[in-house]
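New notebook page, new protein. I'll jot down what I look up as I go, beginning with one residue and working outwards.

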Amino acid sequence: ASSDAFITVPRDNKIILPTGDGMVIGFLMNPELPLQLSMQLHHKLRIFNSKNSSDRSIGVRIGLSSGPVFIVSDINNNQNVWGPGIILARRVMDLGDSGHILLADNIAETLINLKDEYRELIKPISTRYKIKHGQQLNIYSAYSRDFGNPVIPSRIWETS
């Protein structure tokens with residue numbers, strides 16, 4: 001909540017929902033915001049973890065995608081999100097290990113074409129990776145010395 005990419009976006013332009021031990025944050029505008037928030041979160045976690053013992057450190061894995069997302073109500077009338085955008089983000093996140101910022105090809109290619117800076121940060125790590133229901137996509141990883149995890153995720157490494 002203290003990251004610029006989160007603070008500067010008006011509440012009605014983002015969706016925030018807890019998901020057990022994690023959360024979903026959906027931005028309804030600028031495609032750069034999910035990556036910027038991911039980088040800022042990693043920076044803040046690096047500072048936090050450097051001041052704490054390893055048993056108090058926090059690790060995260062992040063999956064980014066874009067696409068249609070719908071706000072729906074579950075059987076208990078609690079708000080939830082559903083749609084191809086969130087389903088794909090979850091599947092991409094599930095491939096990661098701690099520290100990974102993984103991107104589905106749809107958002108990675110948008111960002112790479114948007115700014116030269118992103119071409120340096122976003123690297124393809126698997127082509128035609130098969131996910132649920134036989135769907136295949138290219139997986140990318142965002143990293144630098146300051147954020148992300150440059151190691152190929154173990155789930156992708158095992159299948160290559």
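**Entry 1: S141.** I started by listing what S141 touches, leaving out residues up to four places away in sequence: H100, I101, L102, L103, L121, I122, K123, I125 and N149. A note to self before going on: this is a predicted model. Next I checked where S141 sits, and found it in strand β8. Buried or exposed, then, for S141? I get a relative accessible area of 1% for S141, and the cut-off for buried is under 20%, so S141 counts as buried.

**Entry 2: F147.** I moved along the chain to F147, which is in the loop between β8 (136–142) and α6 (154–159). Its relative accessible area comes out at 7%, so F147 is buried although it belongs to a loop. Which residues does F147 touch, not counting those up to four places away in sequence? My list has M39, H42, R46, I101, L121 and A142. I101 and L121 ring a bell, since both were on the list for S141 too. I also looked up a C-alpha distance: F147 and S38 are 109 residues apart along the chain, yet 8.5 Å separates their C-alpha atoms.

**Entry 3: helix α2.** S38 sent me to α2, which covers residues 33–50. How far does α2 reach from its first C-alpha to its last? With 18 residues, α2 reaches 26 Å, close to the 26 Å expected at 1.5 Å a residue. I then went through α2 for buried residues and wrote down L33, P34, L35, L37, S38, M39, H42 and L45. Among them, M39 and H42 are also contacts of F147.

**Entry 4: two exposed residues.** After the buried ones I wanted the opposite. P18 is in strand β1 (residues 14–18). I read a relative accessible area of 69% for P18, and exposed means over 50%, so P18 counts as exposed. P18 and N80 are 62 residues apart along the chain, with 9.1 Å between their C-alpha atoms.

Then N77, which I found in the loop between β4 (70–73) and β5 (79–82). N77 is exposed as well, at a relative accessible area of 61%. What is phi of N77 near? I noted 65°, a positive value in a residue other than glycine.

**Entry 5: the whole chain.** Time to zoom out. I counted six helices and eight strands in the protein chain. From the N terminus on, I wrote their order as α-β-β-α-β-β-β-α-β-α-α-β-β-α.

For overall size, I noted that the C-alpha trace spans about 40 × 40 × 35 Å along its principal axes. The radius of gyration is 16 Å, which agrees with the value near 15 Å that a compact globule of 160 residues would have.

How much of the chain counts as buried? I have 38% of the 160 residues. The chain exposes about 9,700 Å², and carbon and sulfur atoms supply 52% of that.

I looked at contacts between residues at least 6 apart in sequence, and 55% of them join residues at least 24 apart.

Last lookup of the day: charges. There are 17 positive and 15 negative ones, and their mean positions are 2 Å apart.

How values were computed: Residues numbered from 1 in each chain as written. Predicted model: local features only at pLDDT ≥ 70, side-chain atom pairs only at ≥ 80, totals over all residues. Heavy atoms only, no water. Helix = DSSP H or I, 4+ residues; strand = E, 2+ residues; numbered from the N terminus. Rg over C-alpha atoms; globule rule 2.2 N^0.38 Å. Buried < 20%, exposed > 50% of the residue type's maximum accessible area, 1.4 Å probe, protein only. Contact = heavy atoms within 4.5 Å. Areas by Shrake-Rupley, 256 points an atom, 1.4 Å probe, with all protein chains shown as cover. Lys, Arg positive; Asp, Glu negative; His and termini not counted. Charge placed at Lys NZ, Arg CZ, Asp CG, Glu CD. Expected span 1.5 Å × (residues − 1).
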